[in-house]
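Here is a small set of exercises to work through with the coordinates open beside you. Try each task before reading its solution.

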Amino acid sequence: MHLICFHVILYVLISTVLPLTIRIDRGSETGIMATMHTFFRAQYDDQDDPVDSVLYGPSTQNKIERWWRELLDRMIEWRGFSKVSCRL
């Protein structure tokens with residue numbers, strides 16, 4: 001998790017750009033990014049509620065996650081697996 005914090009801070013320092021909003025999924029590591037982004041946006045004091053600068057949605061652009069989800073769905077359809085029986 002510290003590595004994620006490092007990369008977020010490094011990006012902001014090097015690019016000198018802080019997006020108005022970020023869109024992330026509700027994965028385990030993204031809570032850190034949401035907290036950091038909200039904190040940074042609050043420092044600018046340009047929004048009524050900095051929490052609104054974080055948008056949540058499915059990670060449809062993450063090709064690896066999408067591939068695994070599609071593979072699991074096909075296995076369930078083809079073999080009659082249930083999600084309970086497919087423990088990775």
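**Exercise 1. Classify the two partners of a salt bridge by exposure, and give the distance between them.**

Step 1. Arg 41 has a relative accessible area of 3%, so Arg 41 is buried. The cut-offs are under 20% relative accessible area for buried, over 50% for exposed, and partly exposed in between, with a 1.4 Å probe and protein chains only.

Step 2. Asp 46 has a relative accessible area of 43%, which makes Asp 46 partly exposed.

Step 3. The closest N and O atoms of Arg 41 and Asp 46 are 2.4 Å apart, and the pair forms a salt bridge. The criterion is a side-chain nitrogen of Lys or Arg within 4 Å of a carboxyl oxygen of Asp or Glu.

A note on the source before you go on: this is a predicted model, in which local features need pLDDT of at least 70 and side-chain atom pairs count only at pLDDT 80 or more, while totals for chains, interfaces and linings use all residues. Residues are numbered from 1 along each chain as its sequence is written, and side-chain values use heavy atoms, with hydrogens and water left out.

**Exercise 2. Find how many salt bridges the whole structure holds, and describe the one within a helix.**

Step 1. Searching the whole structure gives two salt bridges. Side chains of opposite charge can pair when their charged atoms come close.

Step 2. Besides the Arg 41 and Asp 46 pair, Arg 74 bridges to Glu 70, with the closest N and O atoms 2.8 Å apart.

Step 3. Arg 74 and Glu 70 lie four residues apart in helix H3 (residues 63–79), so about one helical turn separates them.

Step 4. Now check the exposure: Arg 74 is exposed at a relative accessible area of 55%, and Glu 70 is partly exposed at 40%.

**Exercise 3. Lay out the order of helices and strands along the chain.**

Step 1. The chain has three helices and two strands. Helices (H or I, at least four residues) and strands (E, at least two) are DSSP runs, numbered from the N terminus.

Step 2. Reading from the N terminus, the order is α-β-α-β-α.

Step 3. For a whole-chain view, buried residues make up 20% of the 88 residues.

Step 4. Contact means heavy atoms within 4.5 Å. Of the contacts with a separation of 6 or more, 49% join residues 24 or more positions apart.

**Exercise 4. Test the lengths of H1 and H2 against the expected helical rise.**

Step 1. The expected span is 1.5 Å times one less than the number of residues in the helix.

Step 2. For H1, 14 residues should span 20 Å, and the end C-alpha atoms are 20 Å apart, which agrees.

Step 3. For H2 (residues 30–44), 15 residues should span 21 Å; the end C-alpha atoms are 22 Å apart, and this agrees too.

Step 4. Look at what follows each helix. After H1 comes Thr 16, with a positive phi near 50 degrees; after H2 comes Asp 45, with a positive phi of about 55 degrees.

Step 5. Thr 16 sits in the loop between H1 and S1 and counts as exposed at 66% relative accessibility. Asp 45 sits in the loop between H2 and S2 and is exposed at 65%.

**Exercise 5. Describe how H1 and H2 pack together.**

Step 1. Two packed helices are described by the angle between their axes and the distance between the axes.

Step 2. The axes of H1 and H2 come within 10 Å and cross at roughly 35 degrees. Axes are lines fitted to C-alpha atoms, for helices over the stretch in contact, with angles from 0 to 180 degrees between N-to-C directions.

Step 3. The crossing is right-handed, meaning that the near helix is turned clockwise from the far one by less than a right angle.

Step 4. From H1, Ile 4, Cys 5, Val 8, Ile 9 and Val 12 meet Ile 32, Met 33, Met 36 and Phe 40 of H2. These residues divide into nine nonpolar, no polar and no charged.

Step 5. Take one pair: Val 12 and Phe 40 are 28 residues apart in sequence, and their C-alpha atoms are 9.5 Å apart.

Key:
Nonpolar A, V, L, I, M, F, W, Y, C, P; charged D, E, K, R; others polar.
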